[in-house]
Amino acid sequence: MHRAILIAVSLCVLCAGTARSQEGWEGEFTITSSWNSLAVDVPEGGSAEGLAIIQWNLHGRDAQKWRVEAVDAARGWYKIVNASTGKALDIRDASKEDRAILVQSECRDAKSQHWRIDKQSDGSYKILSRWSGKAIDIPFGSQEPGTTRELCEDNNQPNQRWVFRRVAE
C-alpha cells in the first residue's frame, strides 16, 4: 500500500515538473547573444534547406523569431524552430567537430536537432547539442553581423550565453 502511494506521488511530481518545464517556452522568442546582443537569424528570411544560421542586428522580423518545441522535455531536450520557415536549428552534415556550422533543416526526429537550454546564474542560457554535447558559440567572440553560428566545446565563456525574449503578440 505504501509503495503504491509512493509511486503515485512520484509520478505526480514528475508530471508536474514536466509541465512546468514546457510552460515557459510557449510562444515565439528572439534569441540574442549576451556577449554582443546580435540575434540568431535566418539570412534574409530564406527558406533554403541547409542555409547557415548567422548573427545579425536585432530587427524583430520573422527571420529572428523562434519557437521552442518539446522533444523529450522530461529529460530537458527541445527543438528550436524558426517561426517563419518552420525549419529546425540543425548541425550541418550532423558533424560532431568543433566549429560545426548551424543550419536550418526540415524538422525530423534527428538528435542533431535536439537542444538542451540550460539557465545560467546570470539569467542567460547555454544551448547544448544532444548530438555532440557542444555549445552554440559565436566563433572567436566575433562582433560582426553575418558571422555564422557554430558549435564548440562548452567553455563557459560569454560568447556561449543566450538571451530568450518572448515576442509580443
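Colleague: Where is the place of Phe 140 in this predicted model?
Modeller: Two strands flank the spot, strand 10 at 135-137 and strand 11 at 150-152. Phe 140 has its place in the loop between strand 10 and strand 11.

Colleague: Is Phe 140 buried or exposed?
Modeller: The cut-off for exposed is over 50% relative accessible area. Phe 140 has 73% relative accessibility, so the residue counts as exposed.

Colleague: What is phi of Phe 140?
Modeller: The sign is positive, and the residue is other than glycine. Phi of Phe 140 is near 55 degrees.

Colleague: Which residue lies over the face of Phe 140?
Modeller: A charge counts as over a ring when NZ of Lys or CZ of Arg is within 6 Å of the ring centre. Here the distance to the ring centre is 4.6 Å. The residue over the face of Phe 140 is Arg 99.

Colleague: And over the ring of Trp 131, which charged end sits there?
Modeller: The charged end is 4.3 Å from the centre of the Trp 131 ring. It belongs to Lys 96.

Colleague: Back to the loop between strand 10 and strand 11: is Thr 147 buried or exposed?
Modeller: Thr 147 lies in that loop. Buried means under 20% relative accessible area. Thr 147 has 17%, so the residue counts as buried.

Colleague: Which residues are in contact with Thr 147, leaving aside its neighbours within four places in sequence?
Modeller: A polar atom of the Thr 147 side chain lies 2.8 Å from the backbone oxygen of Glu 144. Glu 144 is within the excluded neighbours, so the window of four places leaves that residue out of the list. The contacts are Ile 53, Ile 54, Gln 55, Pro 139 and Ser 142.

Colleague: What is the order of elements in the protein chain?
Modeller: The chain has one helix and twelve strands. From the N terminus on, the elements run α-β-β-β-β-β-β-β-β-β-β-β-β.

Colleague: Among contacts between residues at least 6 apart in sequence, what share joins residues at least 24 apart?
Modeller: The chain has 169 residues, and buried residues make up 45% of them. The accessible surface comes to about 8900 Å², with 52% belonging to carbon and sulfur atoms. The share of contacts asked for is 58%.

Colleague: How many aromatic pairs does the structure hold, and how are Trp 25 and Phe 29 arranged?
Modeller: The structure holds five aromatic pairs. The rings of Trp 25 and Phe 29 have centres 5.4 Å apart and planes at 65 degrees. Both residues are buried. The angle is over 60 degrees, so the Trp 25 and Phe 29 pair is edge-to-face.

Colleague: What parts does the pair of Tyr 125 and Phe 164 tie together?
Modeller: The Tyr 125 and Phe 164 rings are 5.4 Å apart at their centres, with planes at 80 degrees, so this pair is edge-to-face. Both residues are buried. Tyr 125 lies in strand 9 (residues 125-129) and Phe 164 in strand 12 (residues 162-166), so the pair ties together parts that are 39 residues apart in sequence.

Colleague: Which residues do ring pairs link into a cluster?
Modeller: Phe 164 is in contact with residues including Trp 25, Phe 29 and Tyr 125. The ring-pair cluster is made of Trp 25, Phe 29, Tyr 125 and Phe 164.

Colleague: Which residues have the most contacts inside the largest nonpolar core?
Modeller: This core has 25 residues. Strands that each supply at least two of them include strand 1 (28-33), strand 8 (115-119) and strand 12. The residues with the most contacts inside the core are Trp 115 and Phe 164.

Colleague: Which side chain joins that of Ser 105 in a polar contact of 3.2 Å?
Modeller: Ser 105 is found in strand 7 (residues 102-105). Ser 105 is buried, with a relative accessible area of 6%. Its contacts beyond four places in sequence include Glu 49, Lys 87 and Gln 113. The side chain in the polar contact is that of Asp 90.

Colleague: How far apart in space are Arg 61 and Thr 30, C-alpha to C-alpha?
Modeller: Arg 61 has its place in the loop between strand 3 (54-56) and strand 4. Arg 61 is exposed, at 56% relative accessible area. In sequence, Arg 61 and Thr 30 are 31 residues apart. In space, the C-alpha distance is 9.5 Å.

Methods. Residues numbered from 1 in each chain as written. Predicted model: local features only at pLDDT ≥ 70, side-chain atom pairs only at ≥ 80, totals over all residues. Heavy atoms only, no water. Helix = DSSP H or I, 4+ residues; strand = E, 2+ residues; numbered from the N terminus. Buried < 20%, exposed > 50% of the residue type's maximum accessible area, 1.4 Å probe, protein only. Polar contact = N/O pair within 3.5 Å; in protein donor to acceptor, adjacent residues only side chain to side chain. Contact = heavy atoms within 4.5 Å. Areas by Shrake-Rupley, 256 points an atom, 1.4 Å probe, with all protein chains shown as cover. Phe/Tyr/Trp six-rings, centres within 6.5 Å; stacked < 30°, edge-to-face > 60°. Lys NZ or Arg CZ within 6 Å of the ring centre and 35° of its normal. Core = buried A, V, L, I, M, F, W, Y, C linked by side-chain atoms within 4.5 Å.
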